[in-house]
Amino acid sequence: MTFRSTTEADLDRVAAVAVGDPVGSISADRYRAELAQRMYRPEWSWIAEDGDRIVGRALWWGRPDSEHPVALDCLHVESGVPDRAALATGLLKAGLDAFAAQGAPAPPLYNLALPSDWRDRPDVTAAVSWRTAAARAAGLTDEVERLRLEWTPRSGTPTPAGRLVFHEGSDEEFLDAFRRVAEGSLDDETRRSLARDGAEATARDDMEFYLSCPGERSWWRLARTPGGELVGLALPSATPYHRNVGYLGVVPEMRGRGHVDEILAWITRFQAEAGAERITATTDTGNAPMAAAFARAGYRTAEIRLIHSAPGR
């Protein structure tokens with residue numbers, strides 16, 4: 001068995017791999033299209049070969065300007081392989097070791113997209129089981145489950161409540177807001193970052209991440225009371241595929257007053273008025289208040305994302 005990254009000569013074979021499982025499928029058309037945009041790349045596409053036959057593939061994804069891959073999008077091993085988890089583990093380790101040797105600051109996470117009822121479907125739980133075992137064995141032992149939500153115009157555009165004032169702000173003001181809203185957050189990644197790096201580094205990392213997203217910095221707003229007290233922040237953003245909610249938060253002393261609904265409504269209205277036909281969002285399944293706010297705003301759960309990452313990432 002050979003584990004290796006691909007070359008241009010392999011790409012037709014890689015694209016032609018048929019994934020029969022109910023999860024982890026990337027179509028040939030999508031792979032080719034995003035390969036042309038440098039979101040998939042030959043050096044980020046790894047295969048397991050038995051002789052001249054591809055029996056497994058791992059497709060890592062990144063933004064067009066990414067120096068290193070951001071996430072594993074697809075992990076597949078042929079159903080006839082006796083121990084799919086063991087082969088997948090070897091393939092993941094080979095890829096992750098190569099990325100580390102190339103200077104990647106942390107192992108890319110594994111983002112496994114699942115139907116919202118996945119725990120009730122034996123075919124899906126079986127497909128998740130060996131992939132999860134492989135991710136853990138390869139060192140991606142931290143796990144969080146997230147809701148992937150979406151809004152469409154059928155849900156209706158929210159009207160302004162008028163209790164808050166939204167305005168542009170300086171980088172320093174936004175950095176302070178990031179720092180303040182992180183306190184007491186129910187978001188798993190934020191809590192781990194606070195424990196590991198502290199409030200200042202967490203705020204700077206969050207701000208740098210959203211500055212790197214396809215959305216525009218000019219879209220960002222601070223939310224205040226009419227008297228000028230900071231309530232929170234609203235960061236409409238975008239992915240390579242859709243407009244999205246990006247980031248929103250309420251400072252601790254203003255929580256429990258319904259402000260999250262008004263901030264989310266402002267973001268939704270901003271994106272809808274810009275012509276968005278779909279607005280996506282994510283939140284941890286453990287963040288019940290935020291999930292409830294999305295439901296009140298007309299966002300529906302489109303899928304579940306099971307995210308595996310390295311400890312301390």
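**Group meeting: a 12-stranded sheet and its helices**

Let me start with one residue. Leaving aside neighbours within four places in sequence, His-76 is in contact with Val-17, Ala-18, Val-19, Gly-20, Asp-21, Val-55, Gly-56, Arg-57, Arg-84, Trp-130 and Arg-131, where contact means heavy atoms within 4.5 Å. His-76 sits in strand 4, residues 71-77. Its relative accessible area is 5%, so His-76 is buried; buried means under 20% relative accessible area, exposed over 50%, and partly exposed in between, with a 1.4 Å probe and protein chains only.

A word on the source. This is a predicted model, in which local features need pLDDT of at least 70 and side-chain atom pairs count only at pLDDT 80 or more, while totals for chains, interfaces and linings use all residues. Residues are numbered from 1 along each chain as its sequence is written, and side-chain values use heavy atoms, with hydrogens and water left out.

Helices and strands here are DSSP runs numbered from the N terminus: H or I with at least four residues for helices, E with at least two for strands.

Now the sheet. It is open, has 12 strands with mixed pairing, and runs in the order 1-2-3-4-5-12-6-11-10-9-8-7. Two strands pair if DSSP finds at least two bridges between them. The edges are strand 1 (2-5) and strand 7 (165-167); each has a single partner strand, so one side of each lacks a neighbour in the sheet. From one strand to the next, the twist averages 30 degrees.

I will spend some time on strand 11, residues 279-284. How many of its residues are buried? The count is 5 of 6, so to speak mostly covered. On one side, strand 6 (residues 142-151) is joined to strand 11 by 6 bridges, and the two run antiparallel. Within that pairing, Arg-146 stands opposite Asp-284, and Trp-151 has Ile-279 as its bridge partner.

Strand 10, residues 243-250, also pairs with strand 11, through 2 bridges and in parallel. Here Arg-243 stands opposite Ile-279. Between strand 10 and strand 11 the chain passes through helix 8 (residues 259-273), and this β-α-β crossover is right-handed: with the strands pointing away from the viewer, the path from the first strand over the helix to the second runs clockwise.

Strand 10 is largely enclosed by the rest of the structure, because 6 of its 8 residues are buried. Its antiparallel partner is strand 9 (residues 230-238), joined to strand 10 by 6 bridges. Ala-234 stands opposite Leu-248 in that pair. The two strands form a hairpin, with 4 residues between them.

Back in strand 11, we have Thr-283. Is Thr-283 buried or exposed? Its relative accessibility is 3%, so Thr-283 counts as buried. Not counting residues up to four places away in sequence, Thr-283 touches Arg-146, Leu-147, Leu-149, Met-290, Ala-291 and Phe-294.

That brings me to helix packing. Two packed helices are described by the angle between their axes and the distance between the axes. Axes are lines fitted to C-alpha atoms, for helices over the stretch in contact, and angles run from 0 to 180 degrees between N-to-C directions.

Helix 8 and helix 9 (residues 288-296) pack at about 55 degrees, with axes 10 Å apart. That makes helix 8 oblique to helix 9; angles under 35 degrees count as roughly parallel, over 145 as roughly antiparallel, 65 to 115 as roughly perpendicular and the rest as oblique. The contact uses Val-260, Asp-261 and Leu-264 of helix 8, and Met-290, Ala-293, Phe-294 and Arg-296 of helix 9.

The other pair is helix 3 (residues 84-101) and helix 4 (residues 122-137), at an angle of about 40 degrees with axes 8 Å apart. Helix 3 and helix 4 are therefore oblique to each other. Among the residues making the contact are Arg-84 of helix 3 and Trp-130 of helix 4, both of which are also in contact with His-76.
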